[in-house]
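Q: Please take a close look at one part of this structure, the side of chain B that touches chain A, and explain how it is made up. A short account of a sheet in chain B would also be welcome.

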Amino acid sequence: MSNVLNISPAPHIFAKDTTRSLMLDVIIALSPALIASIYYFGYGAIIVTLTSVVSCLVFEYLIQRFVLKGPVTITDGSAVVTGLLLAFNLPSNMPVFIIIIGSIVSIGIAKMTFGGLGNNPFNPALVGRVFLLISFPVQMTSWPVPSGFNTGYSDAVTGATPLALVKEGLKNGESVSDLMHQVPSHMQMFYGHMGGSMGEVAAAALILGLIYMLIRKTITWHIPVAVLGSIAAFTAILWLINPDKNADPMFHLLTGGVMLGAIFMATDYVTSPMSYKGMIIFGVGIGVLTVIIRVFGAYPEGISFAILIMNAFVPLMNKYIKPVRFGEEVSNG
Amino acid sequence: MIKTFPYGGTHPPDNKLTADGKIVYPPLPSSVSIPLLQHAGIPAISVVTKGDKVLTGQLIAKAGGFISANIHSSVSGVVTKIDKVTDSSGYKQESIIIEVTGDEWKDTIDRDPAIRREIILSGEEILNRCLESGIVGLGGAAFPTHVKLKVPAGKKCDLLIINGVECEPYLTSDHRMMLEKGEEIITGILIMMKALNVSRAMIGIENNKPDTIEHLGKLCKEISEITVHPLKVKYPQGGEKQLIKALINREVPSGGLPIDVGVVVQNAGTAFAVYEAVQKNKPLIERVVTITGKSLASPSNYMVRIGTLVSDLIKAAGGLPENTGKIINGGPMMGKAVTTADVPVVKATSGIVILKKEESLRRPVGPCIRCGKCNTVCALKLEPYLLMALTRKDLTERAETERITDCCECGSCSYICPAARPLLDYIRLGKSQVLQMKRERTLEKNKA
């Protein structure tokens, strides 16, 4: 026998999914929302996305190659996902240099300083977004009004998001029913025809991505359902108590980054709990915090902060929320 | 609803290439090498010496203790030497090597193929016959059957479960046995029920074998004590704990045995061996082995004499393909890769899987992306990523409290990991360290 045989312990066969294929699935799931935002925001969406993705890849490469002097793993797709998500969290008229700063923060500070893929406690794209929100509040909150390729890039006509409009109106003593006439209808919002970050507006496209990821088993239903369910439940209670002061649950689900956050940001593998039980608690925590920030806080939008706050609890949850082991609690019927 | 165990599990591709392949009797080998340790427990002690003439079915080694098993010659011939020979574990084992001169059977063995249904022997006699005939579990662990069929004092057994799951990809030996030797297996089950003094038996078969489910179902129609249960395909359903959970929703306690929940589990192939031992007085000298692999010319199910070299069987199945990268003794999920095909088939050999070069390599390891897939596939609800991390950091005591020793080494975690992390490799290491720590603890307690 001339053959040299390979020896290794069992198992000898492996599932097809790899880190890269999972990341690719996320990218595919993000593409309907990307197409929708190009449809609504035109060139701006393309420029922001390309800048964000390319600079995330470049910074990951530079850091791995010249700072860590280790292997370069930009082909695993994780930096592309971070770049896409960062872009999705920005207005489509964002100046290029600000996007590049956001990428440095996302990849350099939020991801690589902690040891790269798998070790970052906070969602890198969200860290980037929140950093920009605090550093460049004007640019981060002037939202182009969607009008396709007529939107333009640096010269886009801007307006408030429905969420900010309602928050501002309520502060001035207007009633919800009046304010609802000033914002797009629920159906328009569902398809994404409103101002906002470029990737967060089209709920329909994001849900399409969710369905794809669920079918491909890239993620499980636990986190999205927990986030959306708890936001719906909490806002429904507030709405039922005082429909004049509180917007209806559907409005809350369709505006701001709720869909993007629940489907793509909170479900990030690295920064979410490992067990189903933990995922549910994590999701409900995000939902409740989001509503608290939106309704009682200073910001009109709350899900980015809510996710980052819950990210901080993930190690604790992984440590203390354990599955009941097989044969641990024996109740034999 | 069709049953399965409730949590964890994976679906590796079936690849049952030989599911339709009738059991074939290959030509007798020119020599056999029969290891003295083919079972769980302590080695048997040789009762023959060099130059002895032996008949097929003649005792050549006696059980070395309670948990041990007799070994019989699988051919007739001359003992040429008793020497250390590399077996499938890769270690050298004391083995009896017999040069085959023919196939002359011991005359106490009933070689008439007619089925004998009537059970004459008493429970005690059945146990003795299993002991004499060297019967061990043929599912893989090779635990001596006479020990398993004896309910320990203080325990109660109310159910016999027959494991016809065969959840390992590629392997079809149990499948073919159940299909071709169904009546013998049913009689074997009745014999074991008599020995255990139970009035109920369940046969669990995954529903990727509808022919078998139908066949055994038909045979059991008149026998109300035995029922056949189709199970939803999910690996590792052939594990005792998973099978019991799937069939009757009892959970074997952590660190316990099936008997703790009143159950004994026996493999379908074992039922056939018990039948032959009890009804035909035939010791365990042959078994069905699936020789398979995508690159193999003619993958087949062979009825193989114990001690036949794997290389002889591969030759019979069309020869070792040029691009072979790995030869696995057992299935691809739990089997062992061997360094050479020149190892003997033993009682526990259920199949040989040949992988091509490109199938045989592990993928490069990436960082853990904390996807949690290893947790969700673990049928014992352990956290493989954590057990691996604890082992790497030598946190043996924490590994113990996280129940690393519950791991049944089914390999689902390593199979599913998208970053190709060697989870089970580390868990095995961690398990052995925990067991070592426990031994030391007992020693210290005994000293004090």
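A: The following account begins with confidence, proceeds to the contact between the chains, and ends with the sheet.

The model is predicted. For chain B, the mean pLDDT is 94, and 100% of the residues reach 70 or more. For the complex, the predictor gives an ipTM of 0.89 together with a pTM of 0.91.

Where the two chains meet, 34 residues of chain A are in contact with 55 residues of chain B. On the chain B side, two or more residues are given by each of the strands β15 (324-329) and β16 (336-338) and the helices α13 (412-416) and α14 (423-447). Of these elements, β15(B) provides the largest share, namely 5 residues. Sorted by class, the side of chain B that touches chain A holds 28 nonpolar residues, 13 polar residues and 14 charged residues.

The sheet may now be considered. In chain B, 3 strands form an open sheet in the order β3-β5-β6, and their pairing is antiparallel. Its edge strands are β3 (45-46) and β6 (71-72) of chain B, each of which pairs on one side only. The strand β5 of chain B comprises residues 59-62, and 2 bridges join β5(B) to β3(B) in the antiparallel sense. Within this pairing, Ile45(B) stands opposite Lys62(B), a residue of β5(B).

Terms used. Residues numbered from 1 in each chain as written. Chains lettered and ligands numbered in written order. Predicted model: local features only at pLDDT ≥ 70, side-chain atom pairs only at ≥ 80, totals over all residues. pLDDT = per-residue confidence, 0-100. Contact = placed C-beta atoms within 7 Å. Helix = DSSP H or I, 4+ residues; strand = E, 2+ residues; numbered from the N terminus. Nonpolar A, V, L, I, M, F, W, Y, C, P; charged D, E, K, R; others polar. Pairing = 2+ DSSP bridges.
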